[in-house]
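I opened the notebook with a few plain look-ups in mind, going residue by residue before turning to the whole chain.

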Amino acid sequence: MNTRLTREDCALMIQQKAKELGRIPKKSDFSDEEVSTIKSFFGPWPRALEAAKVKEPDLMRIEKKRQKRIRARNNRIRYRKEHETEKERD
């Protein structure tokens, strides 16, 4: 493949392949170069399928990621509060 593909081109390519096959496309349905380009834009194959809107997002994964961000934020806040009180004692 000599032409440069854009993010939109990759999503369209996945959508067209899904329509052609009548199912969600697998990596093996594309050339190695196409898979590499698609993954460079979207990351792991399941995320590429979600971005191309041929697969529903994994809501459980999204929720776990959200909960992890919340825990990290709460830990940062707690850490700052603990260290602020230590500085006040000094």
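Entry 1, Glu 33. I looked up Glu 33 in this predicted model and found a relative accessible area of 41%. Because partly exposed covers the range between the 20% limit for buried and the 50% limit for exposed, I entered Glu 33 as partly exposed. I placed Glu 33 in helix H2, and I then checked its separation from Arg 23, which is 10 residues away in sequence and 21 Å away in space, C-alpha to C-alpha.

Entry 2, Glu 34. I moved to Glu 34, which is also found in helix H2, and asked myself whether Glu 34 is buried or exposed. The relative accessibility came out at 17%, and since buried means under 20%, I recorded Glu 34 as buried. For its position relative to Gln 15, I noted 19 residues along the sequence and 14 Å in space, taken from C-alpha to C-alpha.

Entry 3, Lys 53. I found Lys 53 in the loop between H3 and helix H4, the latter covering 59-89. The phi angle of Lys 53 is near 60 degrees, and I marked this as a positive value in a residue other than glycine. Lys 53 has 69% relative accessibility and therefore counts as exposed, the limit for that class being over 50%.

Entry 4, Glu 63. I located Glu 63 in helix H4 and read its relative accessibility as 35%, so that Glu 63 counts as partly exposed. I also looked up its distance to Arg 80, which lies 17 residues apart from Glu 63 along the chain, and the two C-alpha atoms are separated by 26 Å.

Entry 5, the nonpolar core. Which residues make up the largest nonpolar core? I listed 12 residues, among them Cys 10, Met 13, Ile 14, Phe 30, Val 35, Phe 42, Trp 45 and Leu 49. The elements that give two or more residues to this core are helix H1 (7-21), helix H2 (32-42) and helix H3 (45-51). The largest share, four residues, comes from H1. I then followed one member of the core, Val 35, and, leaving aside neighbours within four places in sequence, I found Val 35 in contact with Lys 27 and Phe 30.

Entry 6, the whole chain. I counted four helices and zero strands in the protein chain, with the elements running α-α-α-α from the N terminus on. How does the radius of gyration of the protein chain stand against that of a compact globule of 90 residues? The chain has 21 Å, whereas such a globule would have a value near 12 Å. Along its principal axes, the C-alpha trace spans about 70 × 30 × 20 Å. I noted that 20% of the 90 residues count as buried, and that the chain exposes about 7400 Å², of which carbon and sulfur atoms supply 50%. Among contacts between residues at least 6 apart in sequence, 47% join residues at least 24 apart.

Entry 7, charges. I finished with the charges of the protein chain, 25 positive and 16 negative, and wrote down that their mean positions are 3 Å apart.

Technical notes. Residues are numbered from 1 along each chain as its sequence is written. This is a predicted model: local features need pLDDT of at least 70, side-chain atom pairs count only at pLDDT 80 or more; totals for chains, interfaces and linings use all residues. Side-chain values use heavy atoms; hydrogens and water are left out. The radius of gyration is taken over C-alpha atoms; the globule rule is 2.2 Å times the number of residues to the power 0.38. Buried means under 20% relative accessible area, exposed over 50%, partly exposed in between (1.4 Å probe, protein chains only). Contact means heavy atoms within 4.5 Å. Accessible areas come from the Shrake-Rupley method with a 1.4 Å probe; for residues, only the protein chains shown count as cover. Lys and Arg count as positive and Asp and Glu as negative; His and the chain ends are not counted. The place of a charge is taken as NZ of Lys, CZ of Arg, CG of Asp or CD of Glu. A nonpolar core is a set of buried Ala, Val, Leu, Ile, Met, Phe, Trp, Tyr and Cys residues joined through side-chain atoms within 4.5 Å.
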